[in-house]
Amino acid sequence: MAKRTASAKKQARSGVRRALRNRAVRSEVKTKVVKARRTLTGGPVAESDRFALALEAIQALDRAASKGVLHRNNAGRRKSRLAKQLSKLAMSPAGAASGTAAGKGKKAPATTASKPAAKAAAKSTTPAASAKKK
């Protein structure tokens, strides 16, 4: 049975307002995180822009967690993933730019030329190493 008291009606009205606000904040956070990820995973973007967009996304996650829109662990997990991508990019900026033509949700195409060369190098070193051990 639906409650018809004045306080219940007021709670229903304020719940609708909170839901609208929460949806707007969640949408903003998702947009900023996606933009930051796109700049981190590929595309010719200046380094300062990459860091700025990542920082903006992290700040949006913090704001959403402080307002209670997102759970703090959820926000922390997303921030950690962004920071991990950012540090990976800082470690090897040349590698991040070359393997990004795969597209959304796709694995990077494997380079067939490097695999046989790596196997041949491994095979050539193993007999010599085993001969030294004997």
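## A walk through a chain of helices

Buried residues make up 18% of the 134 residues in this protein chain. What you have open is a predicted model, so colour it by pLDDT before you start.

**Stop 1: the whole chain.** Show the cartoon. You should find five helices and zero strands, so from the N terminus on, the pattern reads α-α-α-α-α. Of the contacts with a separation of 6 or more, 61% are between residues 24 or more positions apart.

Now look at the confidence colours. The mean pLDDT of the chain is 79, and 66% of its residues reach 70 or more. Helix H1 has the highest confidence, with a mean of 94, while helix H4 (residues 93-98) has the lowest, at 49. Select residues 95-99 too: here the pLDDT is below 50, and beyond near neighbours in sequence the stretch has three contacts in the model. Where pLDDT is low, the predicted coordinates should not be read in detail.

**Stop 2: helix H1.** Select residues 6-41. How far apart are the end C-alpha atoms of this helix? They are 52 Å apart, which agrees with the 52 Å that 36 residues should span at 1.5 Å a residue. Next, pick out the buried residues of H1: Ser14, Asn22, Val25, Val29, Lys32, Val33, Ala36, Thr39 and Leu40. Their cover includes H2 and helix H3 (72-91).

Zoom in on Asn22, which belongs to H1. Asn22 has a relative accessible area of 17%, and because buried means under 20%, this residue counts as buried. Show side chains here, and you can trace a polar contact of 3.1 Å between Asn22 and Arg21. Then move to Gly43, which follows H1 and has a positive phi, near 90°.

**Stop 3: Arg50.** Select Arg50, in helix H2 (residues 47-67). Is Arg50 buried or exposed? Its relative accessibility is 10%, so Arg50 counts as buried. Show what is around Arg50: leaving aside neighbours within four places in sequence, its contacts are Thr39, Leu40, Gly43, Val45 and Leu89. Two of these, Thr39 and Leu40, are among the buried residues of H1 that you picked out earlier.

**Stop 4: Glu56.** Stay in helix H2 and select Glu56. Glu56 is partly exposed, because its relative accessible area is 35%. Draw a distance from its C-alpha to that of Val33: the two residues are 23 apart in sequence and 8.5 Å apart in space.

**Stop 5: H2 against H3.** Show these two helices together. Two packed helices are described by the angle between their axes and the distance between the axes. For H2 and H3 the angle is about 170° and the axes are 9 Å apart. An angle over 145 degrees counts as roughly antiparallel, so that is how H2 and H3 are described.

To see where they meet, show side chains on both. From H2, select Arg50, Phe51, Ala54, Ala57, Ile58, Leu61, Asp62 and Ala65; from H3, select Arg72, Ala75, Arg78, Lys79, Leu82, Leu86 and Leu89.

**Stop 6: Leu70.** Finish in the loop between H2 and H3, where you will find Leu70. With 8% relative accessibility, Leu70 counts as buried. Which residues does Leu70 touch, leaving aside its neighbours within four places in sequence? They are Arg26, Val29, Leu61, Ala64, Ala65 and Arg78. Draw one last distance, from Leu70 to Arg26: their C-alpha atoms are separated by 7.7 Å, although the residues are 44 apart along the chain.

Notes:
Residues numbered from 1 in each chain as written. Predicted model: local features only at pLDDT ≥ 70, side-chain atom pairs only at ≥ 80, totals over all residues. Heavy atoms only, no water. Helix = DSSP H or I, 4+ residues; strand = E, 2+ residues; numbered from the N terminus. Buried < 20%, exposed > 50% of the residue type's maximum accessible area, 1.4 Å probe, protein only. Contact = heavy atoms within 4.5 Å. Expected span 1.5 Å × (residues − 1). Polar contact = N/O pair within 3.5 Å; in protein donor to acceptor, adjacent residues only side chain to side chain. pLDDT = per-residue confidence, 0-100. Axes fitted to C-alpha atoms, helices over the stretch in contact; angles between N-to-C directions. Parallel < 35°, antiparallel > 145°, perpendicular 65-115°, else oblique.
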